[in-house]
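This report concerns a single protein model, which is shown below with its sequence. Please keep both in view while reading.

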Amino acid sequence: MKKSEEKELKQTKINELEQLFKDTSMEKQTLVTSLIEQYAFMYVQLKKMNEIIEKEGPIEKFKQGKQEFMREQPALKSYNTTMKTYNATTKQLSEFLPPGKQIQKDDEFQAYKDKVRNR
């Protein structure tokens, strides 16, 4: 993913969420804005890591000196850690939503999580 695509994707996600949270009270707005920034950043990073994992697979051959073995793809470890934080941030943001609104789920991420879970 090119830097320009990353920047555009992040800004698109920020705009989408700002629209969703536009009626949030002023005292909560600073916290919500911070959470939106974190959410958008993680969203882009997860997309990038997803591309790496899809391209290179979840396991890689690793050589260190004379030893050679298979190990978990480093991007997969980062992906899993970031996904936990992303889900927690989604939950935090959801707590500030007005009744009847919800954060739109990303079907692409859900499909990938389901695929990994069902291996």
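The text that follows treats salt bridges and then one helix of this predicted model.

**Salt bridges**

Five salt bridges are found when the whole structure is searched. Three of them are listed here with the separation of their N and O atoms.

| Lysine | Glutamate | N to O distance |
|---|---|---|
| Lysine 48 | Glutamate 6 | 3.4 Å |
| Lysine 10 | Glutamate 37 | 3.8 Å |
| Lysine 13 | Glutamate 16 | 3.3 Å |

In the salt bridge between lysine 48 and glutamate 6, distant parts of the chain are linked: lysine 48 belongs to helix H2 (residues 26–56) and glutamate 6 to helix H1 (residues 3–20), with their positions 42 residues apart. Lysine 48 has a relative accessibility of 23% and therefore counts as partly exposed. Glutamate 6, at 11%, counts as buried, because the cut-off for that class is under 20% relative accessible area.

Glutamate 37 and lysine 10 also meet through their side chains in a salt bridge. This pair again links distant parts of the chain, since glutamate 37 is in helix H2 and lysine 10 in helix H1, 27 residues apart. Glutamate 37 is partly exposed at 35% relative accessibility, and lysine 10 is partly exposed with a relative accessible area of 26%.

The salt bridge of lysine 13 with glutamate 16 lies within one helix: both residues are in H1, three residues apart, which is about one turn of the helix. Lysine 13 counts as buried because its relative accessibility is 7%, whereas glutamate 16, at 31%, counts as partly exposed.

**Helix H3**

Helix H3 covers residues 74–94, a run of 21 residues. At 1.5 Å a residue, H3 should span 30 Å, and its end C-alpha atoms are indeed 30 Å apart, so the expected and modelled spans agree.

Which residues of H3 are buried? They are Ala75, Leu76, Tyr79, Thr82, Met83, Tyr86, Thr89, Thr90 and Leu93. When H3 is viewed down its axis, these buried residues fall within an arc of 135 degrees, and they therefore line one face of the helix. On the face turned away from this buried side, H3 carries the exposed residues Thr81, Lys84 and Lys91.

Notes
Residues are numbered from 1 along each chain as its sequence is written. This is a predicted model: local features need pLDDT of at least 70, side-chain atom pairs count only at pLDDT 80 or more; totals for chains, interfaces and linings use all residues. Side-chain values use heavy atoms; hydrogens and water are left out. Helices (H or I, at least four residues) and strands (E, at least two) are DSSP runs, numbered from the N terminus. The expected span of a helix is 1.5 Å times one less than its number of residues. Buried means under 20% relative accessible area, exposed over 50%, partly exposed in between (1.4 Å probe, protein chains only). The arc is that of the directions from the helix axis to the C-beta atoms. A salt bridge is a side-chain nitrogen of Lys or Arg within 4 Å of a carboxyl oxygen of Asp or Glu.
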